[in-house]
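Ready for a few short exercises? Have a look at the model first, then work through the tasks and check yourself against the solutions.

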Amino acid sequence: MTASADGFHARLDQLPARARQAFMAAVIERMLPNYALYAQMSGSGDAKVLRNVLDLAWEALAVKDAAIDFDKQAEKLAEQEPPENDDSFGARRAVEVVMALTALLDALRSEASESPRDVSRLSRDGVHAYIEMTDGADDDAERLAVRVREHPLMDDEHGFQEAVLEHVEAPLTRDALKSLRRLGRNEGVSNLGLSAEG
């Protein structure tokens, strides 16, 4: 791990619970089109369910003591996991979104402190896998590591997560949350540079 990654994680760990949850929500917001794309292409899963669960998470962040049954939402979310026998690239990215959203629900229910790091890693792992599939299939491990590190998509991922972290280090007013959500939505383009129709 690099010194800058160490510093990033230290800052993430120092955030209060609500700021950690907001960080996760914004990162997941940008991952969500990957699930929608998988659902469109495979006919498996319902992206609207994930959209609704994430909307409720944002509501919980914006409205103190919002009455949301996160156990019920977790059950709904679990039903949207891609089939275990689907090992396609799209299914693996869709699973990452479900895992990240599950981690957010866990954090909202119990303040699980590891969750922001988990969500950060899931998003980066997806970008790494995409670069490997599209650009680095013929590389040896060392060349691939350099290619991934220097790839514009990974650069964008690091820049995005840094921007989200800076956002949540500031006071999370209602307007700040709206701005953070817009940042996460990224005009419908995911961390892989993909967007789903509609």
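What follows is a set of exercises on a predicted model, each with a worked solution.

**Exercise 1. Check the length of helix α3 (residues 47–62) against its residue count.**

Start with the count: α3 has 16 residues. The expected span is 1.5 Å times one less than that number, so you should get 22 Å. Now compare with the model: the end C-alpha atoms of α3 sit 23 Å apart, which agrees.

While you're there, look at the N-terminal end of α3. D46 caps it, with a side-chain oxygen 2.9 Å from the backbone nitrogen of K48.

**Exercise 2. Work out which residues of α3 are buried, and what covers them.**

Use the cut-off first: buried means under 20% relative accessible area. On that basis, the buried residues of α3 are V49, L50, V53, L54, L56, A57, W58 and L61. Next, see what lies over them: the cover includes α2, α4 (70–78), α5 (89–110) and α9.

**Exercise 3. Decide whether Q73 and E166 are buried or partly exposed.**

Take Q73, which lies in helix α4. Its relative accessibility is 7%, so Q73 counts as buried. Its contacts, leaving out residues up to four places away in sequence, are N52, V53, L56, I68 and L105.

Then take E166, found in helix α8 (residues 152–169). With a relative accessible area of 46%, E166 is partly exposed, because that category runs between 20% and 50%. One more thing about E166: L12 is 154 residues away in sequence, yet the two C-alpha atoms are 9.9 Å apart in space.

**Exercise 4. Describe how α2 packs against α9.**

Geometry first: α2 (residues 17–42) and α9 (residues 174–185) pack at an angle of about 30°, and their axes are 7 Å apart. Then the residues: R18, A22, A26, E29 and R30 in α2 meet L177, L180, R181, G184 and R185 in α9. Sorted by class, this contact holds 4 nonpolar, 1 polar and 5 charged residues.

**Exercise 5. Find the largest nonpolar core and say which helix gives it the largest share.**

The largest nonpolar core has 47 residues, and F23, L54, L104 and V168 have the most contacts inside it. The largest share, 13 residues, comes from α2. Zoom in on L104: it touches Q21, M24, A25, I28, L54 and A57, not counting residues up to four places away in sequence. Apart from the largest core lies another, of 9 residues, including V127, Y130, V148 and M154.

Key:
Residues numbered from 1 in each chain as written. Predicted model: local features only at pLDDT ≥ 70, side-chain atom pairs only at ≥ 80, totals over all residues. Heavy atoms only, no water. Helix = DSSP H or I, 4+ residues; strand = E, 2+ residues; numbered from the N terminus. Buried < 20%, exposed > 50% of the residue type's maximum accessible area, 1.4 Å probe, protein only. Axes fitted to C-alpha atoms, helices over the stretch in contact; angles between N-to-C directions. Contact = heavy atoms within 4.5 Å. Nonpolar A, V, L, I, M, F, W, Y, C, P; charged D, E, K, R; others polar. Polar contact = N/O pair within 3.5 Å; in protein donor to acceptor, adjacent residues only side chain to side chain. Core = buried A, V, L, I, M, F, W, Y, C linked by side-chain atoms within 4.5 Å.
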